[in-house]
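Trainee: Please walk me through the charged side-chain pairs of this model, and place them in their wider surroundings as you go.

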Amino acid sequence: MTSTFIKLPNRLSIIARQMLNLKDINLKMSQRASFSSVNNMDEEVLFDAVGSARIISLNRVKALNSLNLNMVEKIMSSMQTWVAPGSNVSMIIIKGSGEKAFCAGGDIKAATEEGKKDPSSLKSTHFFRREYMLNHLIGTCPLPYVALIDGITMGGGVGLSVHAPFRVATEKTLFAMPETAIGLFPDVGGSHFLSRLEGSIGLYLALTGCRLKGEDVHRAGIASHYITHEKMCIELALLLIT
């Protein structure tokens, strides 16, 4: 099927095709004096800067980068600063740490445990409210927002990516809305983007929670672009853009 979403500009398409020599690129990155990082590797989400571009790295590798309230708040706060008038930020790129997942979804376990501790607490529902606000911020972001959905991308991870104009999948991408398999409506704006896919594929995914992998994610229109995992080099993209 043909993607119904915005296509990547030619310059970025050229960048994707040029992501070849990773060793040389990593060496260049280690030598690049202008690269700035304000990260502690124990943080659940990392923020880096290369020139005027900003990188968000989901960093809960053992939890497949599942999204919790702390991560939502930090991403929202940073993005609001980046899109504010007077900011010199030109692009936002989001990716997952580790080899397995972009983001496996919202940390429902944490939200459930919070509700069990105090049934009268609104903390568990607050997570969903703030998550949806982040989804809206991504969907209305005035800056180019590129999601590298390399690996497991489900539920909350879909919300961090599908509302953006540029969503780059690889052969390792595994997409699903698993909440529909237990009777929940398609979460994180799922009813919005699924209903806009070509044909009846969106309805099928919404009713079944079926998984799509690799190129099928692109064919369905969920990803705007597809490249191989070995060419998914964020450092090179940023070096060429800046």
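Mentor: The secondary structure of the protein chain comprises ten helices and eleven strands, where helices (H or I, at least four residues) and strands (E, at least two) are runs assigned by DSSP and numbered from the N terminus. This is a predicted model, in which local features need a pLDDT of at least 70 and side-chain atom pairs count only at pLDDT 80 or more, while totals for chains, interfaces and linings use all residues. Residues are numbered from 1 along each chain as its sequence is written, and side-chain values use heavy atoms, with hydrogens and water left out.

With pLDDT being the predictor's confidence in each residue on a scale from 0 to 100, the protein chain averages 80, and 75% of its residues score at least 70. Over residues 1–38 the pLDDT is below 50, although this stretch has 69 contacts in the model beyond near neighbours in sequence, a contact meaning heavy atoms within 4.5 Å. Where pLDDT is low, the predicted coordinates should not be read in detail. Of the contacts in the protein chain with a separation of 6 or more, 69% join residues 24 or more positions apart. Buried residues make up 49% of the 242 residues, where buried means under 20% relative accessible area, exposed over 50%, and partly exposed in between, computed with a 1.4 Å probe on protein chains only.

Turning to the charged pairs, the structure holds six salt bridges, each being a side-chain nitrogen of Lys or Arg within 4 Å of a carboxyl oxygen of Asp or Glu. Glu43 forms one of them with Lys74, and their closest N and O atoms are 2.6 Å apart. This pair links distant parts of the chain, since Glu43 sits in the loop between β1 (36–37) and β2 (45–50) and Lys74 in helix α3 (residues 69–82), 31 residues apart. Glu43 counts as partly exposed because its relative accessibility is 29%, and Lys74 counts as partly exposed at 28%.

Arg60 pairs with Glu44 in another salt bridge, with 3.8 Å between the closest N and O atoms. Here too distant parts of the chain are linked, as Arg60 belongs to the loop between β3 (53–58) and α3 and Glu44 to the loop between β1 and β2, 16 residues apart. The two partners fall into separate accessibility classes: Arg60 is buried because its relative accessible area is 17%, whereas Glu44, at 23%, is partly exposed.

A further salt bridge runs from Glu99 to Lys172, the closest N and O atoms being 3.4 Å apart. This pair connects the loop between β4 (91–96) and β5 (101–103), which holds Glu99, with the loop between β8 (166–169) and β9 (174–176), which holds Lys172, across 73 residues. Glu99 counts as exposed because its relative accessibility is 54%, while Lys172 counts as partly exposed at 26%. In addition, salt bridges that share partners join Glu215, Asp216 and Arg219 into one network.

Arg60 also leads to a neighbouring acidic residue: Asp107 touches Arg60, Ser66, Leu67, Asn68 and Phe127, not counting residues up to four places away in sequence. Asp107 is found in the loop between β5 and α4, and is buried because its relative accessible area is 14%. The C-alpha atoms of Asp107 and Ser66 are separated by 5.4 Å, although their positions lie 41 residues apart along the chain.

Helix α3, which supplies Lys74, also contains Met76, and Met76 is buried because its relative accessible area is 2%. Leaving aside neighbours within four places in sequence, Met76 is in contact with Arg130, Met133, Leu134 and Leu137. From Met76 to Leu134 the C-alpha to C-alpha distance is 6.0 Å, for a sequence separation of 58 residues.

As for covalent cross-links, a search of the whole structure finds zero disulfides, a disulfide being a pair of cysteine sulfur atoms within 2.5 Å. Cys103 is buried because its relative accessible area is 0%, while Cys210 is partly exposed at 25%.
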